[in-house]
Amino acid sequence: LGSQPRPFGHPSLDRLCQVTASHGLHSKLTGAGGGGCGITLLRPDTSPLAVEAAKRDLCACGFECWETNIGAPGVTLHSSSSLNAEVLHALSKS
């Protein structure tokens, strides 16, 4: 499959992935069921122009687009040397 979007079993979701991939974004089926929703997670450095272009193309295909924030930076990896003593102590208890 290479860099091509992986099909999810329904042409509309395949199209969603194709459209967002054409803008350098990656989408997937949400797994929520009952309506065929997809999700595209954006890195903080994603170009707003790429997002707007993808939304424009998705709307042209008949998709509805909603934006939201997750309210947190997501997963962050810290080395133990960057943690203060209080945090290291709390982690050693778990």
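The paragraphs below lead through the structure from the whole chain to single residues.

The structure is a predicted model. Confidence should be considered at the outset: the mean pLDDT of the chain is 82, and 81% of its residues reach 70 or more. Among the elements of the chain, helix 2 has the highest mean pLDDT, at 96, and strand 1 the lowest, at 85. Where pLDDT is low, the predicted coordinates should not be read in detail.

The chain contains three helices and two strands. Following the sequence, one meets them in the pattern α-β-β-α-α. The chain has 94 residues, of which 14% count as buried. About 7500 Å² of the chain is exposed, and carbon and sulfur atoms supply 58% of that area. Among the contacts in the chain with a separation of 6 or more, 30% are accounted for by residues 24 or more positions apart.

Helix 1 is a suitable place to begin. Its buried residues are L13, L16, C17, V19 and T20. Why do these buried residues line one face of helix 1? Seen down the helix axis, they fall within an arc of 165 degrees, and therefore they line one face of the helix. As for their surroundings, the buried residues of helix 1 pack against strand 1 (27-29), strand 2 (38-40) and helix 2.

T20, in helix 1, merits a detailed look. T20 counts as buried because its relative accessibility is 1%, and the cut-off for a buried residue is under 20%. The side chain of T20 reaches the backbone oxygen of C17 at 3.3 Å. If residues up to four places away in sequence are not counted, T20 touches L25, H26, S27, T40 and L58. One of these residues, L58, is among the buried residues of helix 2.

The strands may be approached through G38, which has its place in strand 2. With a relative accessibility of 36%, G38 counts as partly exposed. Along the chain, G38 and K28 are 10 residues apart, while their C-alpha atoms are separated by 5.3 Å. K28 is also one of the contacts of G38 when neighbours within four places in sequence are left aside; the others are L13, L16, L29 and T30. Two of these names have appeared before: L13 and L16 are buried in helix 1.

Between strand 2 and helix 2 runs a loop that contains T46. A polar atom of the T46 side chain lies 2.8 Å from the backbone oxygen of R43. Beyond its neighbours within four places in sequence, T46 is in contact with L25 and V51. At the start of helix 2, a side-chain oxygen of S47 reaches to within 3.1 Å of the backbone nitrogen of L49.

Helix 2 itself comprises residues 48-60, 13 residues in number, and reaches 18 Å from its first C-alpha to its last, close to the 18 Å expected at 1.5 Å a residue. Which residues of helix 2 are buried? They are A50, V51, A53, A54 and L58. These residues cover an arc of only 165 degrees around the axis, which puts them on the same side of helix 2. On the other side of the helix, P48, L49, R56 and A60 are exposed. Helix 1 (11-21) is included in what covers the buried residues of helix 2. After helix 2 comes G62, whose phi is positive, near 95 degrees.

The loop between helix 2 and helix 3 (85-93) includes I70. I70 has a relative accessible area of 67% and is exposed, the cut-off for an exposed residue being over 50%. In sequence I70 and L41 are 29 residues apart, and in space their C-alpha atoms are 9.7 Å apart.

N84 also belongs to the loop between helix 2 and helix 3. At 44% relative accessibility, N84 counts as partly exposed. Which backbone nitrogen does the side chain of N84 reach at 2.9 Å? It is that of V87. The side chain of N84 also reaches the backbone nitrogen of E86, at 3.1 Å.

Definitions and conventions
Residues numbered from 1 in each chain as written. Predicted model: local features only at pLDDT ≥ 70, side-chain atom pairs only at ≥ 80, totals over all residues. Heavy atoms only, no water. Helix = DSSP H or I, 4+ residues; strand = E, 2+ residues; numbered from the N terminus. Expected span 1.5 Å × (residues − 1). Buried < 20%, exposed > 50% of the residue type's maximum accessible area, 1.4 Å probe, protein only. Arc of directions from axis to C-beta. Contact = heavy atoms within 4.5 Å. Polar contact = N/O pair within 3.5 Å; in protein donor to acceptor, adjacent residues only side chain to side chain. Areas by Shrake-Rupley, 256 points an atom, 1.4 Å probe, with all protein chains shown as cover. pLDDT = per-residue confidence, 0-100.
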